[in-house]
Amino acid sequence: MNATRLDTLKEAFIKNFISVFLSVIINLVNGSFVYIYFRSQEFQRDPRYVLFIHLVLNDMVLLSLSTALQIITYTFRLTLAPCCVLIIILLTTNKNSPVNLACMAVERYIAVCWPLHHPQLCTVGRTYCLIGLIWGVSFLPGLSNLVILLLNWPASGSWFSVVTCYTNRIFNTPQHQTSELFMEVFFLSVVSVTLAATYLRVLFAASAASASSRASARKARNTILLHGVQLLFCMLTYVAPFVCVPLIRAMPRQLTVILFTSFILVNILPRLLSPLIYGVRDQKFRTQLRLLFSCRSSGPGEGERLKPTAGERVGPVEGNRGTATAGERGSSKKIKS
């Protein structure tokens, strides 16, 4: 078997440049949706958009940390303690995405099948509690890996020893592999069943609905179907090791190329799906995006005139200049007198 070839300085620079460039572009796109969300009270009062923006923020954190960790592995080695912290955060945010998708599908199911109960069941306060629960459940795989590491920790081991910060290098015991397999099967099974059940229920509701509500049911059905498409991209995280390991064994000199290609396809490109699937498709977000970029392109003066501020009185429409308020008529009489 041939020895593994390390990257040259030029190859390392090109790979890190591609990763950083894609990360910056995707985070800028995602950041525009975050900006629109926090400047609009209407979005912040809708549980659907609260879950969506949580998914976007989670993807931004995952993308930024994974890109930073890739650069760190090319530049210097971390000690074990900060490496474990970074890996656990990455594992948690990685599990957040499919669980958040399942929660968004359930919210659409309630909105279509139980419209009268939706305002009581899906409140903003309960949505924030649900987000906390999502983080708690997604933290379990990282916590289990840390516990297994502590149980197998040698007496002479040190948390300040220099390591290669890679998940399979840190959590490499058979217990870790068993725990990871169990967690992956559990998460994928629960999320897949949730998406399939909500999609079928919404599909049946759309076929039995009246013509007026059939359009909204069809839109919700398409949204849940897109949740399933994004779940397939999330599954690349679990499929990638089964593909990469045989390729690395067959072509050990291309180790870094295989890992870099897997990193781009699994960790970076799927982060662009959230704004494309939900943000651009949504009429409200699309309108606000068009307004935002038209304001930026026309300058600050034009942007301020697009939407009147609260308490601002809009001037009379052309052709109605002869009409005046009672206060204006009274002031004009005093002037004449």
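Start by selecting Glu42 and Lys284: in this predicted model, their side chains meet in a salt bridge, with N to O at 3.0 Å. Zoom out a little and you'll see that the pair links distant parts of the chain, since Glu42 sits in helix H2 (residues 41-44) and Lys284 in helix H12 (residues 283-298), 242 residues apart. Turn on a surface here: Glu42 is partly exposed at 43% relative accessible area, and Lys284 also counts as partly exposed, at 36%.

Next, pick Arg271 and Asp59. They form another salt bridge, and their closest N and O atoms are 3.3 Å apart. Arg271 is in the loop between helix H10 (255-268) and helix H11 (273-279), while Asp59 belongs to helix H3, so this pair ties together parts 212 residues apart in sequence. Buried or exposed, how does Arg271 count? Arg271 has 4% relative accessibility, so it counts as buried. Asp59 is buried too, at 1%.

Stay with Asp59's helix and show H3 (residues 47-75) together with H4 (residues 80-113). The two pack at an angle of about 160°, their axes 9 Å apart. Angles over 145 degrees count as roughly antiparallel, so that is how H3 runs relative to H4. Look along the contact and you'll find H3 passing H4 in a left-handed crossing. Color the contact by residue class: 13 nonpolar, eight polar and four charged residues.

Last stop: Glu107 and Arg108. Their closest N and O atoms are 2.8 Å apart, in a salt bridge, and both residues are buried. The count for the model comes to three salt bridges.

Terms used:
Residues are numbered from 1 along each chain as its sequence is written. This is a predicted model: local features need pLDDT of at least 70, side-chain atom pairs count only at pLDDT 80 or more; totals for chains, interfaces and linings use all residues. Side-chain values use heavy atoms; hydrogens and water are left out. Axes are lines fitted to C-alpha atoms, for helices over the stretch in contact, and angles run from 0 to 180 degrees between N-to-C directions. Helices (H or I, at least four residues) and strands (E, at least two) are DSSP runs, numbered from the N terminus. Angles under 35 degrees count as roughly parallel, over 145 as roughly antiparallel, 65 to 115 as roughly perpendicular and the rest as oblique. A crossing is left-handed if the near helix is turned anticlockwise from the far one by less than a right angle, and right-handed if clockwise. Ala, Val, Leu, Ile, Met, Phe, Trp, Tyr, Cys and Pro count as nonpolar, Asp, Glu, Lys and Arg as charged, and the others, Gly among them, as polar. A salt bridge is a side-chain nitrogen of Lys or Arg within 4 Å of a carboxyl oxygen of Asp or Glu. Buried means under 20% relative accessible area, exposed over 50%, partly exposed in between (1.4 Å probe, protein chains only).
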